[in-house]
Number of protein chains: 2
Amino acid sequence: MRKDGIATREKILDGARDLVLRLGYSGMKIDHVLEHVGITKGAFFHHFKTKEDLAKALLRRYADQDAQIYAETRAQAEKLSDDPLQQMLIFIRLFEDMFNGMTEPYPGCLLASYVYELQQFDDETRGLLHDTFARWRALLQEKFELIVKQHPPKTPVSPAQLADGFTVVLEGAFILAKAMNDARMAGEQLRLYRNHIELLFDVPAQGRAAA
Amino acid sequence: MRKDGIATREKILDGARDLVLRLGYSGMKIDHVLEHVGITKGAFFHHFKTKEDLAKALLRRYADQDAQIYAETRAQAEKLSDDPLQQMLIFIRLFEDMFNGMTEPYPGCLLASYVYELQQFDDETRGLLHDTFARWRALLQEKFELIVKQHPPKTPVSPAQLADGFTVVLEGAFILAKAMNDARMAGEQLRLYRNHIELLFDVPAQGRAAA
DNA sequence: GCCTAAACAGACCAAACGGTCCGGAAATAT
DNA sequence: ATATTTCCGGACCGTTTGGTCTGTTTAGGC
C-alpha cells in the first residue's frame with residue numbers, strides 16, 4: 001500500500017491554499033483545484049470526503065506550520081538574548097526580515113481568509129480559528145508580562161493587548177499589501193510596531209546591529 | 001415614475017452588505033439576499049444587471065459612506081484644536097469612542113472582505129479598492145507631515161507609513177474581533193496606536209479629558 | 001506470481017446558482 | 001381617463017458545482 005498518496009494529498013493542500021488566498025474559500029472551486037494541481041475528481045475525493053473536510057485539513061495544517069515558524073523564531077530570539085525585552089525586539093525583527101525577503105505572492109493569512117467568511121463554517125472550525133489566535137496571544141502575552149516586570153513601561157499597558165497588537169499589525173498589513181500591491185507593507189508596519197515597543201519600554205535608539 | 005425604487009435598492013444593498021460581511025462575496029448568494037430582504041428575483045435584477053454590478057455598487061457606496069464618516073470626524077477634530085498633533089490624537093480617540101459604543105454586529109470592513117477575494121474582481125474594482133486605501137493614506141499622511149514639522153519625532157519616521165498604520169490597525173483589529181468574538185478589540189488597538197503616536201511625539205501623559 | 005487494498009481516472013448526477021422573460025400592478029405624465 | 005414607464009412577482013433555463021459511482025491501475029504482502 002501507500003503508493004504516493006501523501007504526496008498528492010500535499011499537492012492538493014498546496015494548490016487549494018493558493019487558490020483560497022486569491023479567491024477566498026467560497027471562490028475556491030474544487031474543479032479549479034483539480035485543474036490547478038493536475039489531478040481528477042476521483043483522486044480528490046479519495047483524499048478528502050467533502051470540501052469542508054479539505055477546509056479543516058487546510059486550516060489545521062496552516063495553523064501547525066505557523067506555530068512551528070513561530071516556535072523556531074522564538075527559540076532563535078531566546079538564544080540571542082536573555083532579556084525578554086531584547087528577545088521580543090529580536091523576534092519582531094526576525095519577522096521583519098522574513099517578510100522583507102519575500103516578493104511576488106504577497107503574504108496573506110489563511111486564517112484571516114476564513115474569518116471573513118466565518119459564517120460558512122461550523123463550530124469546530126470557528127473554534128479552531130479562535131484557539132489559534134488565542135495561542136498567539138498567550139505566547140506573546142507571557143513574554144510581555146516578563147518584560148513589564150523588568151522594564152517599567154512609560155505608560156500603563158496591558159500585556160494581552162500588546163500581544164494582540166503584533167497579530168493585528170500583521171493581519172492589517174497583509175490586507176493593505178494586497179490592496180495596494182505593495183509587498184513591503186508587512187515589514188514596514190512590523191518595524192513601526194517594534195518602534196512602539198522600543199519607545200514604550202524606553203529602549204535607547206540604536207543603529208540596526210542585527211544581521 | 002419612481003414608485004419607491006430607491007428604497008428597495010437601498011434595502012438590497014444593506015442586505016447584501018450584511019451577508020458579504022458574514023459570508024464573503026462568493027458566499028453571498030443572490031437567492032439568499034432575496035430571502036433576507038424579502039423580495040423576488042424580478043426586483044433584484046431590475047435594480048442590478050448582474051451580481052458583479054451589485055458588487056461594484058456595494059463597494060462604491062461603502063467607500064463613499066466611509067469617506068463621509070472620515071471627513072466628519074476629521075472636521076470635528078480640527079474644530080477642537082489647531083495643533084495637527086492634537087487633531088490627530090482627537091481624531092483617533094473619536095474613532096475609539098465610535099467602536100467602543102458598538103456591540104453585536106462586530107465591525108468589519110467591506111473593503112477587506114473584497115481584498116481576500118481579490119482575483120474574483122475585474123481591474124475596475126481592484127482599482128477602486130486601491131484608490132480608496134490610497135485616499136485614506138493621503139489624508140492622514142498630509143496630517144502627519146504637518147505634525148513632523150512642528151513636533152520633532154523621537155525617532156525618524158515616515159508619514160506615509162504612520163498613516164498606513166492607522167488603517168492597518170483597524171483592519172487587523174476587525175479580523176481579531178471576529179475571530180475572538182470580542183467587539184472591544186477595535187477600540188483597544190486604536191488606543192494602542194494612539195499611545196504609539198503620543199510616545200513618538202513626546203506628548204505628556206494626561207488623564208482622559210475629552211468627552 | 002497472485003491477491004488485496006490503496007490510489008487514481010472519468011463519466012455521471014442532483015441540486016444550487018446566476019440570469020432571462022413575461023405578465024401585471026402602481027405611479028406619473030398628458 | 002388613458003397611455004406610458006417604472007417597479008416588481010415568479011416561472012423558467014442553462015451552466016456550474018459539490019459529490020457519487022464504477023472501473024482500472026499500481027504498489028506491497030506472502
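A polar contact is a pair of N or O atoms within 3.5 Å; within protein, one atom must be able to donate a hydrogen and the other to accept it, and residues adjacent in sequence count only if both atoms are side-chain atoms. One such pair in this predicted model joins the side chains of Thr155(B) and Asn195(A), at 3.4 Å.

Residues are numbered from 1 along each chain as its sequence is written, and chains are lettered from A, ligands numbered from 1, in the order in which they are written. The model is predicted, so local features need pLDDT of at least 70, side-chain atom pairs count only at pLDDT 80 or more, and totals for chains, interfaces and linings use all residues, while side-chain values use heavy atoms and leave out hydrogens and water.

## Chain A

Chain A has nine helices and zero strands. Helices (H or I, at least four residues) and strands (E, at least two) are DSSP runs, numbered from the N terminus. The C-alpha trace of chain A spans about 60 × 35 × 35 Å along its principal axes. Of the 211 residues in chain A, 54% are buried. Here buried means under 20% relative accessible area, exposed means over 50%, and partly exposed lies in between (1.4 Å probe, protein chains only). Contact means heavy atoms within 4.5 Å. Among contacts in chain A between residues at least 6 apart in sequence, 70% join residues at least 24 apart.

## Thr155(B) at the interface

Where does Thr155(B) lie? Its place is the loop between α7 (123-150) and α8 (159-180) of chain B. Thr155(B) counts as buried, because its relative accessibility is 18%. Leaving aside neighbours within four places in sequence, Thr155(B) touches Asn195(A), Leu199(A) and Leu200(B).

## The A–B interface

In total, 48 residues of chain A are in contact with 48 residues of chain B. The size of an interface is often given as the accessible area lost when the parts come together. Buried area is the accessible area (1.4 Å probe) that two parts lose on being put together, summed over both. Between chain A and chain B it is about 4600 Å², with 66% given by carbon and sulfur atoms. Tyr116(A), Gln161(A) and Met180(A) lose the most area in chain A to chain B, together 17% of what that side buries.

The two chains share 18 residue pairs in polar contact (both at pLDDT 80 or more). Salt bridges between chain A and chain B number zero. A salt bridge is a side-chain nitrogen of Lys or Arg within 4 Å of a carboxyl oxygen of Asp or Glu.

On the side of chain A that touches chain B, at least two residues each come from α1 (5-23), α6 (110-115), α7 (123-150), α8 (159-180) and α9 (185-200). The largest share, 16 residues, comes from α8(A). By class, this side has 23 nonpolar, 16 polar and nine charged residues. Ala, Val, Leu, Ile, Met, Phe, Trp, Tyr, Cys and Pro count as nonpolar, Asp, Glu, Lys and Arg as charged, and the others, Gly among them, as polar.

## Symmetry

What rotation superposes chain A on chain B? A rotation of 180° does so, with 0.0 Å of shift along its axis and an RMSD of 0.0 Å. That is the relation of a two-fold axis. In chain A, the C-alpha of Gly172(A) is nearest the axis, 1.9 Å from it. Both copies use the same surface: 100% of the contact residues of chain A recur in chain B. Copies are superposed by least squares on the C-alpha atoms of residues with pLDDT of at least 70 in both.

## Salt bridges

Side chains of opposite charge can pair when their charged atoms come close. Over all chains, the structure holds 32 salt bridges. Three from chain A are tabulated.

| Acid | Base | N to O distance |
|---|---|---|
| Asp31(A) | Lys41(A) | 2.9 Å |
| Glu124(A) | Lys56(A) | 2.8 Å |
| Glu96(A) | Arg194(A) | 2.6 Å |

Asp31(A) sits in α2 (residues 30-37) and Lys41(A) in α3 (residues 41-47), ten residues apart. Asp31(A) is partly exposed at 48% relative accessible area, and Lys41(A) is partly exposed at 42%.

Glu124(A) in α7 and Lys56(A) in α4 (residues 51-80) are 68 residues apart. Glu124(A) is partly exposed at 46%, whereas Lys56(A) is buried at 15%.

Glu96(A) lies in α5 (residues 84-100) and Arg194(A) in α9, so their pair ties together parts 98 residues apart in sequence. Glu96(A) is buried at 5% relative accessibility, and Arg194(A) is buried at 8%.

Salt bridges that share partners also join Glu10(A), Asp14(A), Arg17(A), Asp18(A) and Arg61(A) into one network.
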